[in-house]
Protein chains: 2
Amino acid sequence: MDVVPFGKPRAERADAVRNREHLLAVVRELIAEHGVEKVTMDGLAERAGLGKGTVFRRFGSRAGIFRALLEDDESRFQQRVLSGPPPLGPGAGPAERLIAYGRERIPYLLRHHAFAQAAAGPGRADVGSGISLTRLHVRMLLGEADVPEPDGLALQLSAALEGPVLFYLRPDAAEPAPGAEVSLVESWRTLVERVLIDDARG
Amino acid sequence: MDVVPFGKPRAERADAVRNREHLLAVVRELIAEHGVEKVTMDGLAERAGLGKGTVFRRFGSRAGIFRALLEDDESRFQQRVLSGPPPLGPGAGPAERLIAYGRERIPYLLRHHAFAQAAAGPGRADVGSGISLTRLHVRMLLGEADVPEPDGLALQLSAALEGPVLFYLRPDAAEPAPGAEVSLVESWRTLVERVLIDDARG
């Protein structure tokens, strides 16, 4: 409801945003129906009812599709952390928020690993755009909890949260045992409770 | 002092071992004097007083020199953990051994990162041969300490130990603040004390 002083550019931007959201929605449909492997520039153009040129200008390459998808999902995740309902969002204590963060983040990373591989090209996967989100968020909550060595602990706890996901998803890793995800979420809870609850006692 | 039933092959193997150890000692001298960058196949042959062919057959490539160096150092480190004096080696309690492991391992990884880059070639660094040593060792000590969720916690604590080293050493990372290494060792101690000491109370 702002006043729009230069109507045309604003309108174009809004179109571009809608266009992008439409394309990403179609990508999500294609992934749900056929898997990550089957998403191609041509298939996306056809399904979206757009010319190949439009899809190409938007994403540049197949990897670009997945980079856009990761950015979009990552920004939604950040919004939930920054301003969504507690305990993931603000309004709960630091230990409870850290536990909630791991409970959401571990399955998120597992789910997004295939996208990250497709975004990076063969042989390289980087689910890393979120690593600094995790580190900053953990650092902030450790500050609230007033633990000693918060900078070093923030690095170590972020690695504890995100490292094992990468371990399970290495190309040479053994198939994760059924329930690996649940087990990581549970041991993350144990870790956080022990590291933070000590302060409540001290 | 074993009986050597087939003297010739055993003698050749001993020669090969001495040869390898001599070459690695020369590599260490070259690194100490001129840095990792300046180690070349030709320089190594000249300094060792051997033909280029011998060095080539031994290591295959410059990266092969650093792979051999990493293997050798890693095996020495493992020996200290498996049978060296406590608290790094056996004979101390699990919390004390875990703290000692981090105190030795964090500087070890920082020191070896340049070798690992040289061993892997440009753009890829993998200080990873030791990651499974860390995980197995942490898992064993958590079992001794009888914590809950030892498998998940072993993955998470290994990542907590080794992940931050990689973070500081990423090509795009900011220069680590002076004392980063000390700070990681200190926060590792905090982490271990909190995760393990709870059981002594429980």
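1. A word on terms before we start: a residue is called buried if its relative accessible area is under 20%, exposed if over 50%, and partly exposed in between, using a 1.4 Å probe and protein chains only. By that yardstick, both A:Phe66 and A:Phe115 are buried.

2. Please keep in mind that this is a predicted model, where local features need pLDDT of at least 70, side-chain atom pairs count only at pLDDT 80 or more, and totals for chains, interfaces and linings use all residues. Residues are numbered from 1 along each chain as its sequence is written, chains are lettered from A in the order in which they are written, and side-chain values use heavy atoms, leaving out hydrogens and water.

3. Helix α4 of chain A covers residues 62-83; helices here are DSSP runs of H or I with at least four residues, and strands are runs of E with at least two, numbered from the N terminus. The expected span is 1.5 Å times one less than the number of residues. For the 22 residues of α4 that gives 32 Å, and the end C-alpha atoms are 32 Å apart, which agrees. Buried residues in α4(A) include A:Ala63, A:Phe66, A:Leu70 and A:Phe77.

4. You may like the aromatic pairs: the whole structure has six over all chains. Rings of Phe, Tyr and Trp (its six-membered ring) pair if their centres lie within 6.5 Å; planes under 30 degrees apart count as stacked, over 60 as edge-to-face and the rest as tilted. A:Phe66 and A:Phe115 are a tilted pair, because their centres are 6.1 Å apart and their planes at 50 degrees. A:Phe66 lies in helix α4 and A:Phe115 in helix α5 (residues 94-120) of chain A, so the pair ties together parts 49 residues apart in sequence.

5. In chain B, the rings of B:Phe77 and B:Tyr101 are edge-to-face, with centres 5.9 Å apart and planes at 85 degrees. This pair links helix α4 to helix α5 of chain B, and both residues are buried. B:Arg105 lies over the face of B:Phe77, at 4.7 Å from the ring centre; the test is that NZ of Lys or CZ of Arg is within 6 Å of the ring centre and within 35 degrees of the ring normal.

6. Finally, the two chains: a turn of 180 degrees with a shift of 0.0 Å along the axis lays chain B on chain A with an RMSD of 0.0 Å, superposed by least squares on C-alpha atoms of residues with pLDDT of at least 70 in both. That is the relation of a two-fold axis.
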